[in-house]
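Here are a few short exercises to work through with the coordinates open. Try each task yourself before you read the solution.

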Amino acid sequence: MLFRSPYSETRLRESLAYDGYSQTDIDAAVANCGADWYWEAKEMADYLVSINPCSYDYMVLALQDNGFTYDQAVAGAPGTYGIDYYYQAYLEAQNYISYNPGCTYADCYDWLIHMLFAPEQAADACTACDGYGMFAAEP
């Protein structure tokens with residue numbers, strides 16, 4: 001991992017340019033930093049799920065938004081130790097319910113699908129939340 005936080009090559013270049021380095025210095029720094037951009041993507045995935053739960057597909061998009069290539073994003077989305085996206089769906093469902101008191105199973109399921117979770121992940125998360133009595137009664 002780079003010194004303080006994971007970077008894509010694109011974000012590293014942007015950061016160095018912002019700090020006033022010349023293009024020649026930036027090119028030399030990137031060529032000689034020894035970064036494994038695929039590993040950096042995994043580290044970034046770990047960081048992103050520590051902030052907010054998300055689906056695998058959303059993670060791929062978030063990594064690309066952070067300057068990683070599609071291939072790096074796909075390789076990085078599992079994280080360094082294997083991100084459990086079923087658990088991420090459950091965490092997102094809990095967040096949704098806490099911000100939407102009175103929501104139903106169907107409301108939460110639709111939200112999780114909107115957030116790009118797979119249907120089986122959304123169903124499992126909503127079923128788990130329903131088992132804890134977190135939803136309002138269906139009308």
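**Exercise 1.** Which residues of α4 are buried? Work out how they are arranged around the helix axis, and what covers them.

*Solution.* Keep in mind that this is a predicted model.
- Step 1: pick out the residues of α4 under 20% relative accessible area. That gives M59, V60, A62 and L63.
- Step 2: look down the axis of α4. The buried residues fall within an arc of 165°, so they line one face of the helix. This fits a general rule: an α-helix has 3.6 residues a turn, so residues three or four places apart point the same way.
- Step 3: check what sits over them. The cover includes α3, α5 (70-76) and α6 (85-99).
- Step 4: see what comes after the helix. α4 is followed by G67, which has a positive phi, near 95°.

**Exercise 2.** Describe how α3 packs on α4, and sort the contact residues by class.

*Solution.*
- Step 1: get the geometry. α3 (residues 37-51) and α4 (residues 56-65) pack at an angle of about 115°, and their axes are 10 Å apart. The crossing is right-handed.
- Step 2: list the contacts. From α3 come A41, M44, A45, L48 and V49, and they meet M59, A62 and L63 of α4.
- Step 3: sort them. You should find eight nonpolar residues, with no polar and no charged ones.

**Exercise 3.** Do the same for α7 and α8.

*Solution.*
- Step 1: the axes of α7 (residues 105-114) and α8 (residues 119-131) come within 9 Å and cross at roughly 145°. Here too, the helices pass in a right-handed crossing.
- Step 2: on the α7 side you have Y105, C108, Y109, L112 and I113, and these meet P119, A122, A123, A125, C126, T127 and D130 in α8.
- Step 3: by class, the contact has ten nonpolar residues, one polar and one charged.
- Step 4: now look at the loop between α7 and α8, where L116 is found. Its phi is near 75°, a positive value in a residue other than glycine. As a general point, most residues other than glycine have a negative phi. L116 counts as partly exposed, at 33% relative accessibility.

**Exercise 4.** How many disulfides does the structure hold? Then look at C54 and C129 one by one.

*Solution.*
- Step 1: search for cysteine sulfur pairs within 2.5 Å. The count is zero.
- Step 2: take C54. The nearest cysteine sulfur is that of C108, 16 Å away. C54 is buried, at 6% relative accessible area.
- Step 3: take C129. Its nearest cysteine sulfur is also that of C108, at 5.6 Å, and C129 is in no disulfide. C129 is buried as well, with a relative accessible area of 0%.

**Exercise 5.** Is Q88 buried or exposed, and which residues does Q88 touch?

*Solution.*
- Step 1: place the residue. Q88 belongs to helix α6.
- Step 2: check the accessibility. At 6% relative accessible area, Q88 is buried.
- Step 3: leave out residues up to four places away in sequence. Q88 then touches V49, N52, P53, C54, I83 and F117.

**Exercise 6.** Locate T69 and find its C-alpha separation from C126.

*Solution.*
- Step 1: T69 is in the loop between α4 and α5, and is partly exposed, with 41% relative accessible area.
- Step 2: T69 and C126 are 57 residues apart along the chain, and 33 Å separates their C-alpha atoms.

Key:
Residues are numbered from 1 along each chain as its sequence is written. This is a predicted model: local features need pLDDT of at least 70, side-chain atom pairs count only at pLDDT 80 or more; totals for chains, interfaces and linings use all residues. Side-chain values use heavy atoms; hydrogens and water are left out. Axes are lines fitted to C-alpha atoms, for helices over the stretch in contact, and angles run from 0 to 180 degrees between N-to-C directions. Helices (H or I, at least four residues) and strands (E, at least two) are DSSP runs, numbered from the N terminus. A crossing is left-handed if the near helix is turned anticlockwise from the far one by less than a right angle, and right-handed if clockwise. Contact means heavy atoms within 4.5 Å. Ala, Val, Leu, Ile, Met, Phe, Trp, Tyr, Cys and Pro count as nonpolar, Asp, Glu, Lys and Arg as charged, and the others, Gly among them, as polar. Buried means under 20% relative accessible area, exposed over 50%, partly exposed in between (1.4 Å probe, protein chains only). The arc is that of the directions from the helix axis to the C-beta atoms.
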